[in-house]
Amino acid sequence: MKRLSVLLLALLCSSCAKDHTVPPANLNFLSIERESIGLLYKIHYGSDVNFLDLFGRGIGEGAASTMFECPLGDDQNFSLTNRFRYSAYGLIEVDETSQTSGKFNYMTSAFLRQTQNNGTSHEDLSVQELNALLLGKQQIPCKVVVTAYGYKPYYSNTMNLPVADLLREINKPR
């Protein structure tokens, strides 16, 4: 009986999450560059939605996380419960260097990593590993994922990041 009560309570609470009213954003790739220090890659992109004020509470208010994610492997399941084994990901920031009228421009300093043990450990991918993972691919899918307490997760439409541009930066001499 206790198990049934807990199950019913969990089902009731999971249905309490509000549905956001914001339509999925359309993203457009602008550029990518390897940062001079470390293993981060700056990905610049535009959107027709303001991710940092998605819920109309002010910049950075109300959101638990604002992430940009790109699976590098074959897994393309963007659900919150799925952890990509190989991915490029990072926080979303306003891109002050690109200004396009009527659009919102963002930049993400992305880690290119392998995730293991159900997300408990991360390891940077080497140039050789990245070249092997991306071999034969023309593009990789990327999405913005925004979570907020009391709301269902927000997912943008898919943006395709050109692999040729990514490989150009990966293989630049350090």
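## A tour from a buried glutamate outward

Start by selecting Glu169: at a relative accessibility of 2%, Glu169 counts as buried. Keep in mind as you click around that this is a predicted model.

**Stop 1: the neighbours of Glu169.** Show the side chain of Arg168 next. Arg168 and Glu169 make a salt bridge, with 3.1 Å between the closest N and O atoms. Unlike its buried partner, Arg168 is partly exposed, at 42% relative accessible area. Now add Lys172, which also forms a salt bridge with Glu169; here the closest N and O atoms are 3.2 Å apart. Lys172 is partly exposed too, with a relative accessible area of 39%. Bring in Asp165 to complete the set: through salt bridges with shared partners, Asp165, Arg168, Glu169 and Lys172 join into one network.

**Stop 2: helix H3.** Widen the selection to residues 163-170, which make up helix H3. Which residues of H3 are buried? Colour Val163, Leu166, Glu169 and Ile170, and you have them. Turn the view until you look down the axis of H3: the buried residues fall within an arc of 125 degrees, so they line one face of the helix. Some background for that view: an α-helix has 3.6 residues a turn, so residues three or four places apart point the same way. What covers the buried residues of H3? Switch on E1, E2, H2, E8, strand E6 (104-116) and strand E10 (159-162), which are among the covering elements.

**Stop 3: the E1-E2 hairpin.** Two of those covering elements, E1 and E2, deserve their own view. Select residues 27-34 for strand E1 and 41-47 for strand E2; the two run antiparallel and are joined by seven bridges. To pick out one pairing, label Ile32 and its bridge partner in E2, Ile43. Then go to the turn: six residues separate the strands of this hairpin, and Gly38 among them has a positive phi of about 85 degrees.

**Stop 4: the disulfide.** Select Cys70 and Cys142, which are joined by a disulfide with an S to S distance of 2.0 Å. The torsion about their S-S bond is about 110 degrees, so the disulfide is right-handed. Cys70 sits in strand E3 and Cys142 in strand E8, so the pair ties together parts that are 72 residues apart in sequence. Are these cysteines buried or exposed? Both Cys70 and Cys142 are buried. The count of disulfides comes to one, so you can stop looking for others.

**Stop 5: a salt bridge between loops.** Select Lys137 and Asp74, whose side chains meet in a salt bridge at 3.9 Å, N to O. Lys137 is in the loop between helix H2 (127-134) and strand E8 (139-147), while Asp74 is in the loop between strand E3 (65-71) and strand E4 (86-91), so this pair ties together parts 63 residues apart in sequence. Lys137 is partly exposed, at 21% relative accessible area, and Asp74 is exposed, at 72%. The structure holds five salt bridges in total.

**Last stop: zoom out.** Show the whole protein as a cartoon and you have three helices and ten strands. Along the sequence the pattern reads α-β-β-β-β-β-β-β-α-β-β-β-α. Of its 174 residues, 37% count as buried. Taking contacts between residues at least 6 apart in sequence, 61% join residues at least 24 apart. Finally, switch to a surface view: the accessible surface comes to about 10100 Å², and 54% of it belongs to carbon and sulfur atoms.

How values were computed:
Residues numbered from 1 in each chain as written. Predicted model: local features only at pLDDT ≥ 70, side-chain atom pairs only at ≥ 80, totals over all residues. Heavy atoms only, no water. Pairing = 2+ DSSP bridges. Helix = DSSP H or I, 4+ residues; strand = E, 2+ residues; numbered from the N terminus. Salt bridge = Lys/Arg side-chain N within 4 Å of Asp/Glu carboxyl O. Buried < 20%, exposed > 50% of the residue type's maximum accessible area, 1.4 Å probe, protein only. Arc of directions from axis to C-beta. Contact = heavy atoms within 4.5 Å. Disulfide = S-S within 2.5 Å. Areas by Shrake-Rupley, 256 points an atom, 1.4 Å probe, with all protein chains shown as cover.
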